[in-house]
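Trainee: Hi! I'm new to this one, could you walk me through it?
Mentor: Happy to, let's bring it up.

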Protein chains: 2
Amino acid sequence: MKTPDEQKKTKGLTVAGIGEFGLIDRIKSMINPSMSDNVIIGIGDDTAAIKIDENKVLLATCDIQVEDIHFKLDFISPYQLGKRAIAVNLSDIGSMGGKPTFALVSMALPKKMSVDNFDEVIRGMQDQMKQFSGSIIGGNLARTNQGLIIDIFMMGEAQAGRILTRSGAKAGNLIFTTGCAGSSAFGLKILQKFGKRFPAEYDRLVKKQLEPEPRIELACRLAESNFVTSMIDTSDGLGADLKHICDGSEVGAELYQDEIPVEELVDDYVAESEINKWKQILFGGEDYELLFTAPSKYEDQIKEISKSSGIPITKIGKITEPESGLAVIKDDGSRMVLDGEGWNHFR
Amino acid sequence: MKTPDEQKKTKGLTVAGIGEFGLIDRIKSMINPSMSDNVIIGIGDDTAAIKIDENKVLLATCDIQVEDIHFKLDFISPYQLGKRAIAVNLSDIGSMGGKPTFALVSMALPKKMSVDNFDEVIRGMQDQMKQFSGSIIGGNLARTNQGLIIDIFMMGEAQAGRILTRSGAKAGNLIFTTGCAGSSAFGLKILQKFGKRFPAEYDRLVKKQLEPEPRIELACRLAESNFVTSMIDTSDGLGADLKHICDGSEVGAELYQDEIPVEELVDDYVAESEINKWKQILFGGEDYELLFTAPSKYEDQIKEISKSSGIPITKIGKITEPESGLAVIKDDGSRMVLDGEGWNHFR
């Protein structure tokens, strides 16, 4: 029960007013103190980690997708939707350096949903899960009077001592990212503007939004390298997720704007539209690329991993002392300080 | 992809038309064949079970609760709601003979939900989880434009070889249940009729609906006894869940109507209302009592367990050969055959 003082503090406050991260802080303060000893990572990270034995760690994460909030059936096919719901959870397991193992599928279905569409959602889930040698082993079906809801619970395993989290980055570390930033956010903008019949040249951006590919193998390789100090997937956006690393590691960071890899297509699109380009790139989210840090002496080894995996890895900045905060260094040398307002699910 | 023949079969069919168990069968046929060797129990049961090592099994289950389908905030307090969301999952772990360990909490929150209510939901979850020495270790928060959604992912552990499922019942086994049947369903009817200001004498029924108590310790004791042949919780209703045991064990069953334990209050309430009493008792669901089978020679030991645990256990019937189906034997000796149409979430 709350004291009268605590009651005063929250009076009239809504979940939208306090925001996702504010709510997570509330849960942490209510729950973390009573956490069991076997819990290596608890509330506050994308994935929880539990010690199984001396060598093995069980990872567990979930991600709920609500129709008209996280997806629109006008844009995404049922097959893509199933695949994507699994992919975003695989990405959370992967970005800790874990291997996905088992998933439970929880869904609330509108009564009028067709069995064909249902089958397609399941087929997409199954295909995506099998691609990474995991299995769907259970779940729960309910009905809803509203839109479709898909919630996936994903388990994975990792070697003890080899888990990568948002904490661990040290001042002086270099910052790297895979692939390109912002593609998914621009893909969504294009779908919102043109609908499914968008101009074919934007296909790559739209695909990044509808069919994100989790970087599981690469993430495992980076975790096994033993020199990566922190890692996260860019589900909230490059800027927002770098902020998570800064907060989790108690460090600052400098991003070199010129170095951030962005699809050329984005420039084509931005040229003909009004969108604030860098807001989308840094905070648009849903790229599901890897963002990680490592000491500078390993730069060559990281280049080698990029080459042999065929996945572009780009150095985009440097971890700094916490006092410097999180800044983007522009091409003209000026600094833009970010307050880390990425994708906040309640605002 | 579907063949043209398969396409014809599902054309125009909705998820409501095919029903929950029809959908689960579809998932089974698409997914089970590719299941990993470590999976002891996969799709189709309330809880999945995975072999961890020679002695230990990991249990995993989930249950999604949708506002206005599974609960109404007019009836249930946010604290009770949090407690209940955890309790129904604990019950699934317990009824396999498992001990709950860790939970992830996944929620989609309406923007206008108050932080006070949010805190109360979390407090209820935490209290219920702690009561059984488990921890909430993570989860996911999203927003929704619709009603509140709570999905709990519960893990537990059990000893290898000691898991109780819906299969395992043998012809000749006796059927037992804990507590009373139908109380929760009548509690709901009372709330629907009178709202929160229901007559105080019905308090026990309403409490059973709003604050179900999972029978974890008793279930573990029954699992450890090594003579219980099958067990399930009565989340779908005594009749519907006995049907699950019959299907899972490929047996028939006889229920003695006179022996089924029903709160006297139910008779008081039925006397003054029109509800089909036995439909509610057998298929109303949400009692979360234990329903289990055991060879008749253990009847005395079961009485002993009931006595020492302080939880009533009643013998209510007998497992028969599969040909006999599932029948209720009435006091006048007549048989009523049940088709097992309990709580089906889509009809």
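Mentor: Below we go through the chains, a sheet, some helices and two loop residues. This is a predicted model, where local features need pLDDT of at least 70, side-chain atom pairs count only at pLDDT 80 or more, and totals for chains, interfaces and linings use all residues. Residues are numbered from 1 along each chain as its sequence is written, while chains are lettered from A and ligands numbered from 1 in the order in which they are written.

Trainee: Thanks! By what turn can chain A be laid on chain B?
Mentor: A turn of 180° with a shift of 0.0 Å along the axis lays chain A on chain B, with an RMSD of 0.0 Å. That is the relation of a two-fold axis. The copies are superposed by least squares on the C-alpha atoms of residues with pLDDT of at least 70 in both.

Trainee: New topic: what is the strand order in the open sheet of six strands?
Mentor: The order is β1-β2-β3-β6-β4-β5 in chain A, with mixed pairing. Strands here are DSSP runs of E with at least two residues, helices are runs of H or I with at least four, and both are numbered from the N terminus. Two strands pair if DSSP finds at least two bridges between them.

Trainee: And which are the edge strands?
Mentor: They are β1 (39-41) and β5 (135-144) of chain A, each pairing on one side only.

Trainee: How many bridges join β4 to β5 in chain A?
Mentor: Nine, and the two strands run parallel. In that part of the sheet, A:L104 stands opposite A:G138 of β5(A).

Trainee: Now helices: at what angle do α7(A) and α11(A) cross?
Mentor: Their axes cross at roughly 150° and come within 11 Å, α11 being residues 299-309 of chain A. That makes α7(A) roughly antiparallel to α11(A), a word used for angles over 145 degrees. Axes are lines fitted to C-alpha atoms, for helices over the stretch in contact, and angles run from 0 to 180 degrees between N-to-C directions.

Trainee: Which residues make the contact?
Mentor: Among them are A:L218 and A:L222 of α7(A), and A:I305 of α11(A). Contact means C-beta atoms, placed from the backbone, within 7 Å.

Trainee: Last one: where does A:N226 lie?
Mentor: A:N226 is in the loop between α7 (216-225) and β8 (230-233) of chain A. Its phi is near 70°, a positive value in a residue other than glycine.

Trainee: Is A:N226 buried or exposed?
Mentor: A:N226 counts as exposed, with 9 C-beta neighbours inside 10 Å; the cut-off for exposed is 12 or fewer, and for buried 20 or more, with C-beta atoms placed from the backbone.

Methods: Angles under 35 degrees count as roughly parallel, over 145 as roughly antiparallel, 65 to 115 as roughly perpendicular and the rest as oblique. Two residues are in contact if their C-beta atoms, placed from the backbone, lie within 7 Å.
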